[in-house]
Amino acid sequence: MKVELIPLQIHGDERGSLVSLERNSNIPFDIRRVYYIFDTENGVTRGYHAHKKLMQMAIVLKGSCDFILDDGNERVSITLNNPAQGLLINSFIWREMKNFTPDCVLMILADNEYDESDYIRDYDQFRLMAK
Ligand code: T46
């Protein structure tokens, strides 16, 4: 499946921890957009779509949530609960995000601007296109 958990180096010292994100270094694309999801209501599942072209890196800065990822053949669940770990999600991966803890702050880096025409929001259409 075109997803990968990437360890992010922590620059730690007696004051605490710092993670740096740099395009074409630990982020394997040019970052064109950053957005974050927080204050998610209990029991909510988000996502339910794939992207035709967009590549993204998801990092939970605080708390935890689960990503359900589906390439049309297999479905995996990955828990993000470590700000020193990035989940790289390529195009044509169906995603659902659930089990957000109340304190969860989920940050996403994207390789392009927001474009509704890049979304595939129908699962059956996604299965056909992913073949
Ligand atoms: C994804 C997952 C992980 C914008 O105006 N600009 C933006 O950059 C984004 C991402 C969203 N929006 C608007 C569009 C909707 O009216 O914000 C609202 C919520 O977006 P959406 O329902 O798409 O949120 P999620 O959590 O279902 O999906 C988001 C991203 O859209 C998507 O690309 O991969 O997070």
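Visitor: How far does a polar side-chain atom of His51 lie from an oxygen atom of the ligand?
Guide: This is a predicted model, in which local features need pLDDT of at least 70 and side-chain atom pairs count only at pLDDT 80 or more, while totals for chains, interfaces and linings use all residues. Residues are numbered from 1 along each chain as its sequence is written, and side-chain values use heavy atoms, with hydrogens and water left out. A polar contact is a pair of N or O atoms within 3.5 Å. For His51, the distance from a polar side-chain atom to an oxygen atom of the ligand is 2.6 Å.

Visitor: Which residue has a polar side-chain atom 2.5 Å from an oxygen atom of the ligand?
Guide: Gln56 places a polar side-chain atom 2.7 Å from a ligand oxygen. The value of 2.5 Å belongs to a polar side-chain atom of Tyr119.

Visitor: What percentage of the ligand's exposed area does the protein bury?
Guide: Accessible areas come from the Shrake-Rupley method with a 1.4 Å probe. Taken alone, the ligand exposes 650 Å², and the share buried by the protein is 67%.

Visitor: Which element gives the largest share of the shell around the ligand?
Guide: Strands are DSSP runs (E, at least two residues) numbered from the N terminus. Two or more shell residues come from each of β2 (33-37), β3 (46-51) and β8 (94-98). The largest share, four residues, is given by β3.

Visitor: How many residues around the ligand are nonpolar?
Guide: A residue is near the ligand if one of its heavy atoms lies within 4 Å of it. There are 14 residues around the ligand, and Arg33, Arg46, His51, Arg95 and Tyr119 come nearest. The shell has four polar and four charged residues, and its nonpolar residues number six.

Visitor: Which residue in β8 stands opposite Gly47?
Guide: Two strands pair if DSSP finds at least two bridges between them. Five strands form an open antiparallel sheet in the order β6-β5-β8-β3-β10. Within it, β3 and β8 run antiparallel and are joined by three bridges. Opposite Gly47, in β8, stands Glu96.

Definitions and conventions: Polar contact = N/O pair within 3.5 Å; in protein donor to acceptor, adjacent residues only side chain to side chain. Nonpolar A, V, L, I, M, F, W, Y, C, P; charged D, E, K, R; others polar.
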